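Trainee: Please pick out one part of this model and take me through it closely, from the bond at its centre to the elements around it.

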Amino acid sequence: MDGGTPAQRLDAAQLGAELGERATLVQFSTAFCQPCRATRRTLGEVAAMVDGVAHIEIDAEAHLTLVRQLRITRTPTVLVLDSAGEVVRRASGQPRTADVVAALGRAI
């Protein structure tokens, strides 16, 4: 997972859901994206394992303004936010569980 762009901060209003107490995994998906389904499972499992971590999935096609603002160019794209909503990691493609857990380590 790559580092986030400095000073990128997201809040519950932009994401349409509450941020996690310790960190948030934000997934941008599209309806026909096969890797998005596997990513949803992986992120959901990690969020369930780690207290205070939320998983928010966003339909990229329904949120084009946010997609453009964040320069999302493919799905799935995963952003790891710290407790304040700052993007600390970013990755495109289907992540491995170990990579998600390691990225969370930077956020928590």
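Mentor: If a disulfide is taken as a pair of cysteine sulfur atoms within 2.5 Å, the count comes to 1 disulfide. This is a predicted model, in which local features need pLDDT of at least 70 and side-chain atom pairs count only at pLDDT 80 or more, while totals for chains, interfaces and linings use all residues. Residues are numbered from 1 along each chain as its sequence is written, and side-chain values use heavy atoms, with hydrogens and water left out.

The disulfide joins C33 and C36, with their sulfur atoms 2.2 Å apart. The torsion about this S-S bond is about 85°, so the disulfide is right-handed. C33 and C36 are both buried, where buried means under 20% relative accessible area, exposed means over 50% and partly exposed lies in between, for a 1.4 Å probe and protein chains only.

C36 also belongs to the buried set of helix 2, together with A38, T39, T42, L43, V46 and A47; helices here are DSSP runs of H or I with at least four residues, strands are runs of E with at least two, and both are numbered from the N terminus. Seen down the axis of helix 2, these buried residues fall within an arc of 165°, so they line one face of the helix, the arc being that of the directions from the helix axis to the C-beta atoms. The face turned away from that buried side carries the exposed residues Q34, R41, A48 and M49. As for length, helix 2 has 16 residues (34-49), which at 1.5 Å a residue should span 22 Å, and its end C-alpha atoms are 24 Å apart, which agrees; the expected span is 1.5 Å times one less than the number of residues. The cover over the buried residues of helix 2 includes strand 2, strand 3, strand 4 and helix 4 (97-107).

Beside the disulfide comes P76, which lies in the loop between helix 3 and strand 4. At 1% relative accessibility, P76 counts as buried, and a cis peptide bond with omega of about -5° joins T75 to P76. Counting heavy atoms within 4.5 Å as a contact, and leaving aside residues up to four places away in sequence, P76 touches both C33 and C36, as well as Q27, F28, P35, T39, A91, S92, G93 and Q94. P76 and Q34 are 42 residues apart in sequence, yet their C-alpha atoms are 9.1 Å apart in space. The loop between helix 3 and strand 4 also holds R71, which has a positive phi of about 60° although R71 is not a glycine; at 63% relative accessibility, R71 counts as exposed.

Strand 4 follows that loop, and 6 of its 6 residues are buried. T77, L79 and L81 point one way from strand 4, whereas V78, V80 and D82 point the other way. In a regular strand the side chains alternate between the two faces of the sheet. Two strands are said to pair if DSSP finds at least two bridges between them, and strand 4 pairs with strand 2 in the antiparallel sense over 6 bridges. A further 5 bridges join strand 4 to strand 5 (residues 87-92), again antiparallel. V80 stands opposite L25 on the strand 2 side, and its bridge partner in strand 5 is R89. The hairpin of strand 4 and strand 5 has 4 residues between the strands, and there G85 takes a positive phi near 90°.

F28 leads back to the disulfide, since its contacts include C36, T75, P76, T77 and L79, again not counting residues up to four places away in sequence. F28 and L79 are, with L10 and L15, the residues with the most contacts inside the largest nonpolar core, which has 14 residues; such a core is a set of buried Ala, Val, Leu, Ile, Met, Phe, Trp, Tyr and Cys residues joined through side-chain atoms within 4.5 Å. Strand 2 (23-29), strand 3 (53-59), helix 3 (64-70) and strand 4 (77-82) each give two or more residues to this core, and helix 3 gives the most, with 3 residues. A second, separate core of 13 residues includes L43, V88, V100 and A107, and L43 is one of the buried residues of helix 2. In soluble globular proteins, nonpolar side chains tend to be buried together.
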